[in-house]
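Me: I am new to this structure and would like a close look at a single part of it. Please take me through that part step by step, and begin where you think best.

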Amino acid sequence: MFDFVESLLRNRYLPRWVILSFDMMIVVLAFFLAYNLRYSIMSPPAPAMLIVKQSLVAAAAYLAAFLITRPFAGIIRYTTAHDIQLIFRGVFIGAALLAAATLISRRINPDAVSNIPLSIIFIHWMVTAFILNLSRIVIKYVYYFITHIEREQVQVMIYGAGDLGQSAQLAMERSSSPLYSVSGFIDSNRYLQGKSRSGIPIYPPEKAMERMLASKNIRLVVVAVKPGSLGNEEVKQFISFCINNKIELRIVPPVNEWINGSLEARQIRKVSIDDLLGREEIRLDTARIQEGLAGKDILITGAAGSIGSEIVRQLAAFKTGRLILLDQAESALFDLQNELHRKYNGSREFEIVIADITNKQRIENIFGYYRPHIVFNAAAYKHVPLLEQNISEAVCVNVGGTKTVADASVRYGVEKFVMISSDKAVKPSSIMGATKRICELYVQCLSKDSGCPTRFVTTRFGNVLGSNGSVEPVFRKQIENGGPVTITHREMKRYFMTIPEACQLVLEAGFMGRGGEIYVFDMGEPVGIYDLAVKMITLAGLEPGRDIKIVETGIRPGEKLFEEILSDREAHLPTHNPKILIASMNHIDPAALIPRIEELIAMCNHCPDSALVKKISELVPEYTGQLL
């Protein structure tokens with residue numbers, strides 16, 4: 001019987017008209033109660049029939065008010081402060097309408113039914129508000145009692161006692177499977193510590209950690225802070241504590257990802273390694289970026305890749321002209337097209353172009369047809385070990401393709417060309433890094449031409465977490481398959497950024513300076529690849545070394561233990577954004593360098609790898625890879 005009642009309560013919701021009828025019944029009963037409180041039922045100042053008629057007038061006024069404010073639209077079992085606010089607003093408007101009707105009646109016809117004593121209107125207003133709110137709260141807690149009695153609950157603590165924490169608490173309380181019980185908030189704000197929110201105590205992080213270890217029944221911590229706050233040292237330490245003590249971590253997504261502006265418990269996702277490497281929130285100069293993008297047709301090469309697709313998503317948030325998405329990967333481009341159609345439903349203009357950037361005539365036709373104002377060149381081969389074995393293709397695509405797109409940009413008067421480079425271009429030890437360095441040199445050569453209509457900007461950053469083929473998805477797949485997780489060397493370190501971070505800085509840097517600059521991003525502190533593997537295994541609820549082994553396989557060709565962002569010969573200058581630096585340019589001679597780059601590209605289809613590597617080492621003297 002109990003299970004039947006519980007099931008009925010969980011799966012059925014009262015229709016709105018039923019709730020409205022219930023509210024109107026309370027309005028009428030409260031009217032009689034108001035007369036009783038004011039005059040006593042034994043000696044009313046008016047005939048009973050007149051009071052009945054006046055109650056109907058009051059009901060009409062309150063009905064109009066409720067139809068305006070809609071306090072009956074909420075689900076009573078989930079009543080929140082917002083619902084209470086709607087009730088107070090509706091009752092206030094109803095009383096105001098009733099008072100207005102009374103004052104008008106006194107001037108026109110004092111004997112009219114709508115001439116109600118103002119004291120009655122005031123008492124009725126207070127009584128109605130009290131009973132309506134009390135009924136909501138009683139129903140909410142009766143429902144909670146019936147559905148939670150004798151059922152196991154997951155004990156939860158919420159890191160962050162602000163508005164996000166409040167939203168997380170409400171979402172957890174609404175969940176029916178599993179049942180959550182929020183036993184405390186955690187906040188580093190000392191003005192909140194020792195207080196409570198919604199009757200739930202707020203602890204400082206140290207006390208919360210002590211309580212978790214002592215009680216051993218806190219199985220879940222929900223992190224409810226702004227994304228930029230995850231980089232705070234105190235938050236990092238607390239998260240590390242949870243990981244080390246095998247306490248499950250989940251995180252509240254950004255508000256713009258909530259469904260219909262409301263947070264549900266199922267949206268509170270597991271903490272990922274991206275979250276742990278998050279830094280302070282990047283503050284973009286959106287006004288400068290919007291000014292540079294306004295009304296411009298923009299071509300993005302490599303648009304279906306990890307970086308290119310995120311650049312597309314971020315550009316779509318600005319007011320631009322057409323976004324021209326170019327890539328040779330048909331399936332990935334199709335997926336991106338569908339994603340954009342779902343999100344924008346025709347409100348943004350996208351052009352989908354399948355093309356290979358090494359096809360000069362095809363690129364020429366595309367530029368001639370679309371006439372883009374801005375180009376973001378994200379198309380490139382990037383996998384270090386693969387390119388060590390396919391040197392001619394690395395040169396053909398990375399160098400030849402970049403040259404083809406850059407030359408077309410100059411011919412068709414493109415205003416700005418933004419090239420995506422890599423930290424592997426600094427003192428390169430790989431073919432991938434060396435080809436990226438040659439691309440940097442080529443666009444710098446073009447920018448030296450005073451008659452060139454295009455401003456060339458190069459952006460250089462390290463590894464992008466979660467991008468196709470990067471270490472994170474490789475580790476994740478290995479963990480899902482039961483291990484082992486393979487690392488090349490225990491001491492290897494890399495700079496990491498998340499994809500959104502990198503692309504935000506690309507947009508910012510794209511509208512700095514006069515052209516010719518190489519912009520270097522502040523990548524934070526380098527991350528040990530071994531430490532990354534340990535954290536990912538632990539986040540998966542497993543124990544490194546026991547459940548999942550970590551195996552060293554040895555450094556692969558072209559890899560370094562540590563990668564730099566700036567070479568020894570490059571100084572750096574600050575910009576208005578502390579996360580973006582300008583690498584000082586080395587002296588280059590375009591007249592001597594461009595023919596040698598063209599010669600390298602011409603060699604890539606008919607010369608052996610040894611000749612290509614020799615030519616690369618001549619163009620990039622700091623190249624430290626193996627000569628074949």
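Reply: In this predicted model, a good place to begin is G305, which counts as partly exposed because its relative accessibility is 22%, and a residue is called buried only under 20% and exposed only over 50%. G305 is found in the loop between strand β8 (298-301) and helix α11 (306-315). Although G305 and A379 are 74 residues apart in sequence, their C-alpha atoms are 7.8 Å apart in space.

From that loop we can turn to the sheet, which is open and has seven strands in the order β3-β4-β2-β1-β5-β6-β7, with mixed pairing. Strands β3 (196-197) and β7 (269-270) stand at the edges, and because each has a single partner strand, one side of each is left without a neighbour in the sheet. In general, the strands of a sheet pair through backbone hydrogen bonds, either parallel or antiparallel. At the β7 edge, strand β6 (residues 248-251) runs antiparallel to β7 and is joined to β7 by two bridges, with R250 standing opposite K270 of β7.

Helix α6 (residues 163-174) lies across β1 (153-159), β2 (179-186), β3, β4 (200-203) and β5 (218-223), and the helix runs at about 160° to β2.

Finally, a word on two cysteines: C439 counts as buried because its relative accessibility is 2%, and C445 is also buried, with a relative accessible area of 3%. The structure holds zero disulfides.

Terms used. Residues numbered from 1 in each chain as written. Predicted model: local features only at pLDDT ≥ 70, side-chain atom pairs only at ≥ 80, totals over all residues. Heavy atoms only, no water. Pairing = 2+ DSSP bridges. Helix = DSSP H or I, 4+ residues; strand = E, 2+ residues; numbered from the N terminus. Contact = heavy atoms within 4.5 Å. Axes fitted to C-alpha atoms, helices over the stretch in contact; angles between N-to-C directions. Disulfide = S-S within 2.5 Å. Buried < 20%, exposed > 50% of the residue type's maximum accessible area, 1.4 Å probe, protein only.
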